[in-house]
Amino acid sequence: MVELRNVSVTYSNGVRALNNVSLTINDGDFVFLVGKSGAGKSTLIKLLIKEISPTSGSVAVNGYELNKIRANEIPKLRRTIGYVFQDFKLIDNMSVYDNVAFVLRSIDAPVKYIRRRVAYVLGLVGLKDKAKVHPNELSGGEQQRVAIARALVNDPKLIIADEPTGNLDPKTTIEIIELLQGINKCDTTVLMVTHEHDLVRRFGGRIISIYEGQVNFDDVI
Ligand code: ADP
């Protein structure tokens, strides 16, 4: 669950990126976060992963009160969140398998568990038979599927997908959103940032729109 209460963020240059934002995203929701460039979307996301702190107001994510969180709890908070980027951010000299396994190796998960879990998430995204290939041998859509598998491998409560279809063609875009919707049906909350209004209209659901640092629309269409 995500809860922002009266959150404002003013950067050191005086720019007020968010202005008194309050919103709740319940467990299991699928939310499109829309708004034009400069509206404050990235600032909101950075708050959720505790990359920045609000100037005023409070933020809670997956049971952590971020105003009170201790430094040694921040990695734990981040493990409850899977992140999917527009440009995939895969490691080119690692196989698909290793790109996903890497996340679990970095937290010293048992080898047997890693083998089972990576196979499972690659299966979920439809890439079981691509485990041994390298990212540059894959299409853009397949690379984004690997990135989604990597985001899922820790079994996060929340997936933040930041313009995940920005580099993809229309057909692949729809496949990726359908994949995220399928993941959402298995009880993972999904927050997808996009500026593609056509997509949002096509899929519908809960839309939160930010305009000049304020929520100007939050409803289900
Ligand atoms: P979006 O992701 O919707 O494009 P941002 O959250 O990146 O919007 O930016 C909101 C506003 O805050 C913009 O005016 C932007 O220039 C400003 N901004 C973003 N990051 C910083 C920063 N680190 N320092 C100063 N101003 C920033």
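## Exercises on a ligand shell and two pockets

By class, the shell around the ligand in this predicted model holds 4 nonpolar, 6 polar and 2 charged residues.

**Exercise 1.** State which residues stand around the ligand, and which element gives the largest share of the shell.

*Solution.* Begin by listing the shell: Tyr 11, Asn 13, Val 15 and Ala 17 belong to it, together with Lys 36, Ser 37, Gly 38, Ala 39, Gly 40, Lys 41, Ser 42 and Thr 43. Next, set this list against the secondary structure, where helix 1, spanning residues 41-48, gives the largest share with 3 residues. Finally, sort by class, taking Tyr, Val and Ala as nonpolar, Lys as charged, and Asn, Ser, Gly and Thr as polar; the shell then divides into 4 nonpolar, 6 polar and 2 charged residues.

**Exercise 2.** Find the distances from oxygen atoms of the ligand to N or O atoms of Gly 38, Gly 40 and Thr 43, and say how much of the ligand the protein covers.

*Solution.* Take the backbone first: an N or O atom of Gly 38 lies 2.6 Å from a ligand oxygen, and for a backbone N or O atom of Gly 40 the distance to a ligand oxygen is 3.0 Å. Then turn to the side chain of Thr 43, in which an N or O atom is 2.5 Å from an oxygen atom of the ligand. On its own the ligand has 560 Å² of accessible area, of which the protein covers 64%.

**Exercise 3.** Describe the largest pocket by its volume, its lining and the elements that supply it.

*Solution.* The volume of the largest pocket is about 500 Å³. Its lining comprises 18 residues, and those closest to the centre are Arg 78, Ile 81, Tyr 83, Val 103 and Asn 154. At least two lining residues come from each of helix 2 (74-79), strand 6 (81-84), helix 3 (96-105) and helix 5 (140-152). By class, the lining has 10 nonpolar, 4 polar and 4 charged residues.

**Exercise 4.** Repeat the description for the second largest pocket.

*Solution.* Here the volume is about 190 Å³, and the lining residues include Arg 117, Tyr 120, Leu 152, Asp 155 and Cys 186. Helix 4 (111-124) and helix 6 (170-185) each contribute at least two residues to this lining, which divides into 6 nonpolar, 2 polar and 2 charged residues.

**Exercise 5.** Explain why the protein chain is as compact as a globular protein of its length.

*Solution.* The chain contains 7 helices and 10 strands. Its radius of gyration is 17 Å, close to the 17 Å that the globule rule gives for 221 residues, so the chain is as compact as a globular protein of that length.

Terms used:
Residues numbered from 1 in each chain as written. Predicted model: local features only at pLDDT ≥ 70, side-chain atom pairs only at ≥ 80, totals over all residues. Heavy atoms only, no water. Near = heavy atom within 4 Å. Polar contact = N/O pair within 3.5 Å; in protein donor to acceptor, adjacent residues only side chain to side chain. Areas by Shrake-Rupley, 256 points an atom, 1.4 Å probe, with all protein chains shown as cover. Helix = DSSP H or I, 4+ residues; strand = E, 2+ residues; numbered from the N terminus. 1 Å grid on protein atoms, 1.4 Å probe; cavity = no way out; pocket = protein on both sides within 12 Å on 5 of 7 lines; lining within 4 Å. Points joined across faces, edges and corners; volume = space filled by probe spheres on them. Rg over C-alpha atoms; globule rule 2.2 N^0.38 Å.
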